[in-house]
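Colleague: I'm new to reading structures, so could you walk me through this one in plain words?

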Amino acid sequence: MANKPSVVIIKGDGIGEEVIDATLDAFPEIIDDLNINFINTGILRYNKDGIFFSEFEIQLLNNATAFFIGAFTTPPLLSGNLQSIISFLRNNFKLAINLRPFISIENISKANFNIILFRQNTEC
């Protein structure tokens, strides 16, 4: 593939790391079709370095075709103008809607359903 889509993967922390690793393991065939950059951020990085993202990492995000993110720990008391990681991403990249599809899986789900939840992300 000549122009591979640029995807930034942010594992997050806690279960976020496990979920991203398991997802990447489940879809190894797509990895070669993407230009992937990993960003290591989360509460441990913030506690150590006082930042969630470096200027270089923000540039990676600005130039990315897509982000793939895991779960993050949000500090309970953020001082000053500091935003949580997810609020930063939602507001700076105008990620207004979070789509969450749910479909039945034969022999696993109890009901036959196909639902898409639309969560508004950028207000309050």
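Modeller: Sure, and let's start with a term: a salt bridge is a side-chain nitrogen of Lys or Arg within 4 Å of a carboxyl oxygen of Asp or Glu. Also keep in mind that this is a predicted model.

Colleague: Okay, how many salt bridges turn up in a search of the whole structure?

Modeller: The idea is that side chains of opposite charge can pair when their charged atoms come close. Searching the whole structure for such pairs gives a total of four.

Colleague: Let's take D21. Which residue does D21 form a salt bridge with?

Modeller: The closest N and O atoms of this pair are 2.7 Å apart, and the cut-off is 4 Å. D21 sits in helix α1 (residues 15-26), while its partner is in the loop between β1 and α1, so the pair ties together parts that are 10 residues apart in sequence. The partner of D21 is K11.

Colleague: And what is the relative accessible area of K11?

Modeller: Buried means under 20% and exposed means over 50%, with partly exposed in between. D21 falls in that middle class at 32%. K11 is partly exposed too, and its value is 25%.

Colleague: Moving on to R45, is R45 buried or exposed?

Modeller: R45 shares a salt bridge with D49, at 3.9 Å from N to O. Both lie in helix α3 (residues 43-49), four residues apart, which is about one turn of the helix. D49 is partly exposed at 43%. R45 has 15% relative accessibility, and the limit is 20%, so R45 counts as buried.

Colleague: Which residues are joined into one network by salt bridges that share partners?

Modeller: D49 meets R45 in one salt bridge. D49 also meets K48, at 4.0 Å from N to O, and K48 is exposed, with a relative accessible area of 70%. Through shared partners, the network joins R45, K48, D49 and E57.

Colleague: Now the strands. In what order do the three strands form the open sheet?

Modeller: The pairing in this sheet is parallel. The edge strands, each pairing on one side only, are β2 (35-39) and β3 (66-69). From one strand to the next, the twist averages 25°. The order is β2-β1-β3.

Colleague: Last one: what is the bridge partner of V8 in β3?

Modeller: Strand β1 covers residues 6-10 and runs parallel to β3, with four bridges joining them. For V8, the bridge partner in β3 is F67.

How values were computed
Residues numbered from 1 in each chain as written. Predicted model: local features only at pLDDT ≥ 70, side-chain atom pairs only at ≥ 80, totals over all residues. Heavy atoms only, no water. Pairing = 2+ DSSP bridges. Helix = DSSP H or I, 4+ residues; strand = E, 2+ residues; numbered from the N terminus. Axes fitted to C-alpha atoms, helices over the stretch in contact; angles between N-to-C directions. Buried < 20%, exposed > 50% of the residue type's maximum accessible area, 1.4 Å probe, protein only.
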